[in-house]
Structures are given as structure tokens and as C-alpha cells.
Amino acid sequence: MKSSVIVFPGSNCDRDIAVALEKLQFKNSMVWHKETELPKSDLIVVPGGFSYGDYLRSGAIAAKSNILSEVINAGKKGALILGICNGFQILIECGLLQGALLRNSGLKFISKDIFVKVQSNKNKFLKKYEANEILKLNIAHNEGNYFTDKKHLKELEDNDLIPLKYCDEKGNINFKANPNGSINNIAGIFNKNKNILGMMPHPERMADKILSDEDGLGLFLSLMN
Amino acid sequence: MTITKSQIESHGLKTEEYDKIKELLGRDANLLELGIFSAMWNEHCSYKSSKIHLKQLPTKNNIVIQGPGENAGVIDIGDDDAIIFKIESHNHPSFIEPYQGSATGVGGILRDVFTMGARPIALMNSIHFGSPENKKTQHLLSGVVSGIGGYGNSVGIPTVGGETKFNSTYNENILVNAMAIGHANKNKIFYSKAKGINKSVVYVGSKTGRDGIHGATMASAEFDENSEEKKPTVQVGDPFTEKLLLEACLELMKDNSIISIQDMGAAGLTSSSVEMASKGKLGIELNLNKVPCRENNMTPYEMMLSESQERMLIILDDKKEKEAKKIFDKWDLDFVVIGKTTDTNRLVLSFDNEKVADIPIVALSEKAPLYERKWNKPKISKNKTKVKDLKKIKIEDALVKILSSPDHSNKNWITDQYDQVVMCDTIQKSGNDSAVIRIHNKDKAIAISVDSSANYCKADPKSGGKQIVCENWRNLISVGAKPLAITNCLNFGNPEKANVMGEFVECINGIKESCEFLNFPVVSGNVSFYNETNSKSIFPTPVIGGIGIFNNLKKILNMKTKKTGNLIIVLGKTLGHIDQSAFLRENFSIHDGPPPEINLTNEKNNGLAVLKLIKDNLVLSAHDISSGGMLVSLAEMSMASMLGLKIYKPKRLTNSIEYFFAEDQSRYLLEIDKNNLKKIESSLKKNNIFFEVVAEVQNDIFEIEKTFGMKVNELYNCNNQWYHRFNAVN
Amino acid sequence: MKFAVTVTLKKDVLDPQGRVVGQTLKNMGIKNLNQIRQGKFFEIDMNEKDSAKAEGQVKEMCEKLLANQIIENFQIKKAE
């Protein structure tokens, strides 16, 4: 399986995701934002970090880079695209995903381990997980508060396009378990065709038993096939 | 033009110092030269009050590759790996503008580390605020924590811990000490010593603005009718540019293009160019018209003294200039040749085709004043408090009072604002005795801890200095690491006052004694003097940042108790010393008395004994005993796992208060399997190490038998409230 | 009574955001852009008929909270 990780000035989690991908035998390329062509890839990853310092709006400036237009084309043609944290913000800013990521409701940067529930495993990204499985993942962000209008929200809920929701240790999806105020505890969403996944939690941070639990591995294993 | 007395004063120089400048130049200085001397001769750059005493500290052993004198210290951790680290202060700017002051402090210390060729792998900090009742404290705490997080998170380096303390001594002088740790190949360390004549001096990074230039030092002649526009400004950090600079420098460092490299920190272009030339015993010539400026009409004075952030000075191999520029262009950073090295041993500056400064390098470096300031031996308080003279207090009430106090409360409110996991090598985060970071792609890790004891140091500077090194050593051992070396940040008041100087000298003597005895050298550091307002100096606050090593990843410990039925033993004798304890401070507001004694032999033997037990797989969790005493440390172990403890009544000391709240040093709490007790006993007896069984792990209840009991949940709740309450928006 | 308040960085203070936004706009084709600096805008509606009093209060709001006077300036305009 071939993967491409897009690197912007200010991306920080590019090495982290590359390590996780290579650990699972992906043939990975790091693609600098100034490139005008994407290598042939089965999976394109837009990693976390602070591209362009999060200046103006998180992801706003990266969304205008050369390589993103290639990513947009690939996405429209059905390529698998994973946007993590800042990557999710970039996918929204460039229009591949709908909605907005606002400042955390607590108004502070929040970095901690959280739980999400796998609402939908009938897709290429989460098929190795059980339905309703509870995953421990890590978040670290200032603007992770997902918001969208009522119409789009209904579309997301009705069409199984919300694969991950914040929950507590026992799987209860409630206010207390929501770290940033996201509408309906949304931690990640799909586009209509389910080939593009944007998520705030970092799966690559839960993929090494020396450091932590390994609940993030399932995502990469799902994508392997 | 002649320099006036008021200009000398406003530049922070004494008349005698200016006389010396005239002598060294053979003439009067001009204003630009005066500015340059004032920057290089100030305390921060010259260490004029401290150098003589700092020389006492042990700085070498077989693992030290580079001691103090470079941008940061370097130690060898085997297999071609080196760790580069340093701690530095940014106290005054943080008091003025807490967010930017602390952010730029983090930026500066990161540059000190990556300028030597290391990829930064962790950040830590030691921050001290005034009393919570002081009206500035909440704003300062909030701003500093946001600033540290904002900068570190954006650059993508995990901030894995530190310490936060509150004391009215810092009401008008907060302390923000930032520590950066990096990993490098030991054969690829870059130094600041300039080499070779006629080599290009290259400026890279952000443009130069008017950041940080002191208003008083500008003569009225420098202002025109737009003087409002030229007013000095606070340094603003740009972590995005720092990240670009970091990546560009590390990319350039992959080959041998760089001859020498120095970051522009305090006194910017002045200190970096002078230090490079001074170390290389060369001269340096700069054409100031080439300096990339952010503002229009910047003067040479402004350019040389600007403290704009995120800039470096590099001396490159001439053949590699083109390739190097390509790298900086890729990262969208300025790359400009602004001068060259010479054999004149002078700093020569030109602007608009005129020579505007010409100073012998040695005048700015080696010939900078060195003072042996007068110092008084500090008075040590001998007023010991006897527990029997105190109002009766229940042990559990005293415990809750300490656990819910600002200094001992859980700091998640702070650490949740720091990304601790980015770079995916954080094995252990803050909240443990030490943070543990894996060396990327290797089966190796380092432990890091930052510690200070201002109360002990005020009560008895020498003893306090000794103690704080020991506490740092203990924190590294408690996670199972072998302590290697330290960096120190020495925060003191006005060195021109004999009492303050006495505190400094004695703290150094104490630090020296412990470092020598424990073979724990000082490889880098920083001195911050003049932390005083209205003639009131802060408590002497030396901050120690220590590094330890793990040669495999299998025996890394934390303080979380593991299983009911296990025993907790205390290694090291409890004598009952409660003076200068959290118990007396929090429950009775007693701040008087001598700190606990340090017995270095016991400290060393106990520490080595703990490491041996860990090596023999006999320890399941560990925690050293420090502020608060044994009961607080036991509570911390309990809260980490949410398992309870049944603590036995003390067999020896009849006074339970003294036993449980004493802050006697050199003690560790270790969780062991009952079945290994005999083995442990014989191992410790062989080396004359004192230990006793103090508790048993159980579910739910934290109790001292026949004295009190409470649910661990209750302990947790009282320990987790303070920060949220203090920072709640009303 | 409505006021429009703009809070901007003082002239010599580094504006990292403005710098990066400006560069991006140039890359998007706006080559004749000299500089762009980023600030904040507040719409303030006061329940007060006395114009001078209201403006005085808005000024106080700026000094005490809306602007960080160490690095920012503010401008108050009466709005329609």
C-alpha cells in the first residue's frame, strides 16, 4: 500500500504519522507543499501540527497551497484521504469536508487522552473495529469544536457519516465526555462518498505499546487492505 | 561628541566602567559603541558578578562533551548519541507581558539547543508566582501558561512537565525558567567559535525590528518628529518562524557547510557576532546596510541592539553558500551575507559607507569587568518549632490542607494546555517524579526533572543549595534512571547588596558540594540577578534541571501503586524534622527555622540502593519523599492509581505528626511484593541501608490504622480543586 | 449608542500573522500588495444617551480589557 503524507511549513505530526504508517508496512512518501504533483498513492494523509502557525484561521493558508489542488482532485476521484487534527482543519478550509472547526468551548488549548465511540465501521477506515467499540485516543488542539448547520448535521447523522463521537470510558456520549464543545460530540466526519475522513483525535499517538495503548492501530490496519 | 553622565547611567553602566571603556578604546566611545558595551558588559552577557563563583562548580567528567561556555551543555549517552540541554530565565519580560515574555523565553532556549545541532525533544519549565491573593497573580499565571503552551505546541516540541510555585516573595518579580533538551549525533555538534579569515558571516531567520530596545538608552538626537513611531517595543515571539528556522538549520547541518553558528538571543546581533569572534580569536566586520530590517529607517544602534527573535548568525564554508541559500529559500527565511571574519581582532561596523563602530573584541569579552562583590555570610535561623507547642490538629486535616494548597495541588489545569505527546516519544508525562522521553528509533530513554526549594535556600542558602541538587538526583532515580548531569538557573536579587551576594555564594557552595559528591556535574546554566523591586529581593531560587539515562526501556517506573496486597517500604531514616515544612507553612503559617539536614553519604548510598533494587526487578512503583513529607508522598502514590493504602502507626518516633510530615531528606517510598521482603531486607542490610515497612496497598480507603481513614476519591477531590477555582471566570 | 472599535498592533510590534497572510496573498497573485497587518474589530452597543459618557466608558473598556496596551493601540468611532 502506498501512502503520501503532505508536509506544510509548520506541520508537526508528519514524522509521527510516517512512523505509524511505515511500522505497518505502508510505502510512504513525504510530499512537500510546493510540489505540483502527487505520487501515486492509495492513501493521502494531511497530518496534524500548526501549518503556517495557525495564522488567520487554522488550515486556511495551507488550503491555498499548490499541492492541495492535487489532493482535491484526487479526493473528488475517490482517493482515500485522512485528515488528522490540523489536517481535518485543512480539509474543511479547502472544501473537501463541510462544516467548521471553531475555538474549543473552554477557550484553552487542550491536550489529553479521550475516548471515542466507533459509530460506524462500514467503511474503509474503521472496518477492523467492532461497531460501538470504545477507543482511547489523544487530542491536542485549540480549534477542535466542530460546528455545522442543521441541514448538514441531519445529512451527516442520517447517512452514517459520523464515524467517531466523543464518549466516556463506558461509552456514554454526553456533555461531560465532550472535551471541546463539538456539536453532537462529533470527533470526526466523512464526506458523502466516505472516502475522505477528517478527525480531531490523533490515531498515530496510540500505536506504540511502549508509549501508550494501541487503539489507534485499527485505523491503519483497516486501510492496509 | 562626548558621552554624558546620564547616558552612561541610562545604559546601565557605572562611571568607572565607562572610564575603563575609554581606556580600552583609547578614546571616547560613540553612542553606538556605548550601546554595544552596555549590552556585552551587562550582567546577563558578562556574568560579571557571578563568574568568579561559578568557576567553583564541577563541570567535567567522562560523559561531559561540552560544559558551560557554549550555547548549551552536551553529554554523551553512548552509541554516538548526545543530549544537549540548558535552562534559562526570562523573568523580567514575563512580568511585563506574561504571554510574550514566556513565549520568547521558550523560543530562546530552543534556539540555544538546536544551534548546536540537536533536534529538540522536550521542554520543561519552572515558574514561580506571587501569592494567590496578590491581584496580579491570576493574570500572570494564565498568561505565562498560555505563552509557554502557545509557543511550544506550535513549534511541535512536547512540554512534559516542570514545577509551579506560589510565594509572596515573587509578588513583584515572577520567575519563568525554561529548559530545552535536544538529541544530537555526538560527532556532529556545532559550536559558536568562528574559524578562518575572510569567511562570510550570514544572517538567517526573521527580519530585524525594534523589539526589546530600551527606551532610556536612545539619545534624543536619534529621534525625529516621528519619535512616537520609534518607541521601543516588547519582544513578540513567532513560533511558526522558529519551526522553519529549526528545520532549515537541521537540514543545513546534515553536511559540513557550517563552520560556526550562534543564535541571536539577548543583545541580538551584538552578542552573537562578538561571541563568535571572541571564541575564535578573530575579528568581525559587518555592513549594517545588509541587515534585513522589518521597519524603515532603522539606525545602526537599533540594528545592533534589537532583540527580534528567531534569528541566527552562521559562518559558512564559502563553497557551500549557494546550497545553503537554497535550503533557507525553501523554508522562506531571509539568508543574507552581512559581513566577514577578519584577522584584526576587532568588531568593525559600517553603515552608509561610513565606519560607525570600531572596538577590540577582547574589550567586549575577556576585558569585561569581573567583580568580586562583597558578601555577608547569611544568618541562619535556629528557631526550631516543637510540635507539642502547636495547637492540636488532626493528621487528616493537616494532610488535606497541604494537598489542597496551591503548591501541592494537581496541576492538570496547566499541563492540559501543553501538548505532551507530539513527536511520539513521550514514555512518561508530567505528574511523575521525572518525565521520560525515548531517544527516537532507539531502545534508550532519558529522564528529565526540574526542581527548586526557595524556602530552604532562604532559611539556609548553603544547605538549600545542597538539598536541591539531591532532590533532583532523587527524582531521576525514582523513575529508575541513572542521573548524569545538570543545568542550573540561578535566580537571585541584587548582587550589589552584600546579603544577596552572600546567599548566592553560599548556594553555589552547597550546589558544588552535592554535585561533586554525587558525580553530577553542571554542564550549562544561566544567572538571573536583580530580581528585586523597591529594594526587596526575592528568596534565593536556584533551579536545577537534571538528566538521567535508561539503557533499556524495560525498567521505567512511576509512582502509581500497582496491586492490593503489595507493601510500601520507606528507604532512609525519618528523624522528625518539621522546620521549613509544608506542614508548618500551610497549617500554621510558620516560615521560620532551619531546613532539614543533608547527609550526602546517605543520599548517595540510598539512591544507589534504590537503583540496585530496581535493576533486580524488586520494585513495582517508587516515589521520593519531598515537600509535605511521607504522608503527602503516600497520598500522591495513592491518587496516582486510585488504590488505597493502610498505613501503619509509626513504631519509632512517638509523635505521628513529626513522623508523617517531617521533610528529612534522602528517603524513597518503594512498592514491593510481600514475597520479596526478605530478599530486599538482606540486600539493604548488606549495605547498611535503613528501611521500614510503612503501608500495605488496599482498595478504596487511604488510612492510618487506628487514626483516620478516608476514601481515595476524597483525597483526589481536595487535590484537584485549587487551580480550577482560582482560574474560574466569575 | 453604537461604537466601532478597532484594536491594532502598535507600529513596531511584530505581526507574524499579517506577514504570513500577506505572503499568501502575494502567492495568490496579488503582487502589488505592500503590507497587511491583522487586528481585531469590536461592535459595541451601549445603553447610554450621553455621547461623551458612553465614549468615555468605551475608552475605559479598551484600556482595561479589549486592548493589551503594551503592544496594541485602539481607535473608537461612533457607528450608525
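**Entry 1: strands of chain B**

I began at B:Lys646, which stands opposite B:Glu696 in β26(B); strands here are DSSP runs of E of at least two residues, helices are runs of H or I of at least four, and both are numbered from the N terminus. This is a predicted model, in which local features need pLDDT of at least 70 and side-chain atom pairs count only at pLDDT 80 or more, while totals for chains, interfaces and linings use all residues. Residues are numbered from 1 along each chain as its sequence is written, and chains are lettered from A and ligands numbered from 1 in the order in which they are written.

I then looked up how β24 of chain B (residues 644-647) is joined to β26 of chain B (residues 691-698), and found 4 bridges with the two strands running antiparallel; strands count as paired if DSSP finds at least two bridges between them. To β27 of chain B (residues 701-704), β24(B) is joined by 3 bridges, and here the strands run parallel. Within that second pairing, I noted B:Ile704 of β27(B) as the bridge partner of B:Ile647.

Is strand β8 of chain B mostly covered or mostly exposed? I found β8(B), residues 258-263, mostly covered, with 6 of its 6 residues buried, where buried means 20 or more other C-beta atoms within 10 Å of a residue's own, exposed means 12 or fewer, partly exposed lies in between, and C-beta atoms are placed from the backbone. This strand is joined by 5 bridges to β10 of chain B (residues 311-316), in an antiparallel arrangement, and B:Gln262 has B:Leu313 of β10(B) as its bridge partner.

**Entry 2: a helix pair in chain B**

Two packed helices are described by the angle between their axes and the distance between the axes. For α8 of chain B (residues 137-155) and α9 of chain B (residues 239-252), I read that the axes come within 8 Å and cross at roughly 35 degrees; axes are lines fitted to C-alpha atoms, for helices over the stretch in contact, and angles run from 0 to 180 degrees between N-to-C directions. The crossing of α8(B) past α9(B) is right-handed, that is, with the near helix turned clockwise from the far one by less than a right angle, anticlockwise being left-handed.

I listed the residues that make this contact as B:Tyr151, B:Ser154 and B:Val155 from α8(B), and B:Pro239, B:Phe240, B:Glu242, B:Lys243 and B:Leu246 from α9(B); two residues are in contact if their C-beta atoms, placed from the backbone, lie within 7 Å. By class they are 5 nonpolar, 1 polar and 2 charged, with Ala, Val, Leu, Ile, Met, Phe, Trp, Tyr, Cys and Pro counted as nonpolar, Asp, Glu, Lys and Arg as charged, and the others, Gly among them, as polar.

**Entry 3: the sheet of chain A**

In chain A, I followed an open sheet of 9 strands with mixed pairing, in the order β2-β1-β3-β4-β11-β10-β9-β6-β7. Its edge strands, each pairing on one side only, are β2 (27-32) and β7 (134-141), and neighbouring strands are turned by 25 degrees against each other on average, direction ignored. Strand β3 of chain A (residues 43-46) pairs with β4(A) in the parallel sense over 4 bridges, and A:Val45 stands opposite A:Leu82 in β4(A). Helix α3(A) lies across β3, β4 and β11 (196-199) of chain A, at about 120 degrees to β4(A).

**Entry 4: two positive phi values**

A:Cys85, in the loop between β4 (80-84) and α3 (86-93) of chain A, has a positive phi of about 60 degrees although it is not a glycine. A:Cys85 is buried, with 29 other C-beta atoms within 10 Å. B:Asn534, also not a glycine, has a positive phi of about 50 degrees and lies in the loop between β19 (532-533) and β20 (536-537) of chain B. B:Asn534 is exposed, with 5 other C-beta atoms within 10 Å.

**Entry 5: interfaces and confidence**

I counted 23 residues from chain B and 23 residues from chain A in their contact. On the chain B side, α9(B) gives the largest share, 4 residues.

Chain C puts 9 residues in contact with 13 residues of chain B, and the chain C side has 6 nonpolar, no polar and 3 charged residues.

The mean pLDDT (the predictor's confidence in each residue, from 0 to 100) of chain B is 94, with 97% of its residues at 70 or more. Over residues 215-225 of chain B, I noted a pLDDT below 50, and 13 contacts in the model beyond near neighbours in sequence. For the complex, the predictor gives an ipTM of 0.96 and a pTM of 0.94.
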